[in-house]
Amino acid sequence: MVDLFLGRSLVCNNRDRVEYDTEREVILRLQNRILLLFFGSADCQRCQEFVPTLKDFFKRLTDEFYVERSAQLVLLFISLDQSEEQLENLLKELPKKCLFLTHDDPYRRELESMFEVEDVPRVVVLRPDCSVLSPNAVSEISSLGTDCFHNWQESAELIDRNFMLNEEFDDKKMRSVTDPIRRLKYKVKTKKRKRQWGWGGGGAGEDEGEEEEDEQEEEERGEKEG
């Protein structure tokens with residue numbers, strides 16, 4: 001799935017219209033998730049009737065009001081409208097967390113052809129490896145609700161996020177996790193050295209201790225030779 005959208009700009013349907021267009025951003029948003037490609041149009045009456053059902057379905061699986069942890073699910077709206085105004089009209093009814101392709105992105109039509117979309121609404125369900133789980137899940141979502149996601153989850157063989165690194169990791173956060181462990185490790189080793197040399201609480205460092213021992217040995221040799 002990630003390869004399908006590398007080099008593309010995915011826009012979040014929030015107030016700021018945040019764009020995810022770098023390879024790292026796209027991977028973080030799509031990796032190890034089930035992707036719903038929603039093909040629709042504001043001119044289509046059936047689309048307008050289906051959108052509230054799709055919105056409720058998505059929110060019940062991803063909104064913290066309904067679930068403790070958001071499901072590994074992404075909704076991507078592929079507008080087949082002829083104008084940007086029509087695109088915006090349907091976006092107003094879709095969840096704020098969903099993603100979409102801009103009206104001037106020609107990749108919309110490529111996806112339409114790729115998945116052989118002949119009528120709308122259409123929801124193509126993809127596994128993380130881009131293989132198709134369902135060519136059109138509109139009726140399934142309408143009749144089963146969130147139960148159908150659990151069926152997809154088993155079939156998609158998603159990796160449990162408990163066994164993965166934090167999705168929003170970066171170098172700074174990784175350092176904040178490992179540095180205390182590293183410092184504790186070195187601190188323990190230092191204490192062991194002090195016990196080995198028989199030093200007390202505010203003694204000299206390891207190098208200083210070695211120098212003192214060498215001086216004592218030289219003095220003892222000198223007394224014996226004298």
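In the predicted model, R33 is buried, its relative accessible area of 11% falling under the 20% cut-off. This arginine is located in the loop that joins α2 (23–30) to β3. Its side chain is directed to backbone oxygens: that of L28 is reached at 3.1 Å, and that of Q31 at 3.2 Å.

Strand β3 (34–40) pairs with β6 in the antiparallel sense, over five bridges. Within this pairing, F39 stands opposite R122 of β6. Strand β6 is largely enclosed by the rest of the structure, because five of its five residues are buried. The side chains of R122, V124 and L126 point one way from the strand, whereas V123 and V125 point the other way; residues of both sets are buried. A further antiparallel pairing, over two bridges, joins β6 to strand β7 (residues 132–134). Here L126 has V132 of β7 as its bridge partner. The two strands β6 and β7 form a hairpin with five residues between them, and in the turn C130 adopts a positive phi of about 80°.

Strands β3 and β6 are also among the elements that cover the buried residues of helix α3; others include β4 (73–79), α4 (84–91), α6 (138–144) and α7 (147–156). The buried residues of α3 are C47, F50, V51, L54, F57, F58, L61 and T62. The helix comprises 18 residues (45–62), for which a rise of 1.5 Å a residue predicts a span of 26 Å; the C-alpha atoms at its ends are 26 Å apart, so the expected and computed values agree. A kink of about 30° is nevertheless present in α3 at V51, shortly before the proline P52. V51 is thus listed both as the site of the kink and among the buried residues of the helix.

Three salt bridges are found in a search of the whole structure. One of them is formed by E88 and R17, with the closest N and O atoms 3.0 Å apart. This pair links distant parts of the chain, 71 residues apart: E88 belongs to helix α4, and R17 to the loop between β1 (10–12) and β2 (19–20). Both partners are partly exposed, E88 with a relative accessible area of 24% and R17 with one of 31%. Helix α4, which carries E88, is also one of the elements covering the buried residues of α3.

Another salt bridge lies within α3 itself, where the side chains of R60 and D56 meet at an N to O distance of 3.0 Å. The two residues are four apart in the helix, about one turn. R60 has a relative accessible area of 40% and is partly exposed; D56, at 33%, is likewise partly exposed. Neither residue belongs to the buried set of α3, since each has a value between the 20% and 50% cut-offs.

The remaining salt bridge connects R109 and E112, whose closest N and O atoms are 2.8 Å apart. Both residues lie in helix α5 (residues 107–114), at a separation of three residues, about one turn of the helix. R109 counts as partly exposed, with a relative accessibility of 34%. An α-helix has 3.6 residues a turn, so residues three or four places apart point the same way.

Terms used: Residues numbered from 1 in each chain as written. Predicted model: local features only at pLDDT ≥ 70, side-chain atom pairs only at ≥ 80, totals over all residues. Heavy atoms only, no water. Expected span 1.5 Å × (residues − 1). Bend = angle between axes of the 7 residues up to and from the residue. Buried < 20%, exposed > 50% of the residue type's maximum accessible area, 1.4 Å probe, protein only. Contact = heavy atoms within 4.5 Å. Polar contact = N/O pair within 3.5 Å; in protein donor to acceptor, adjacent residues only side chain to side chain. Pairing = 2+ DSSP bridges. Salt bridge = Lys/Arg side-chain N within 4 Å of Asp/Glu carboxyl O.
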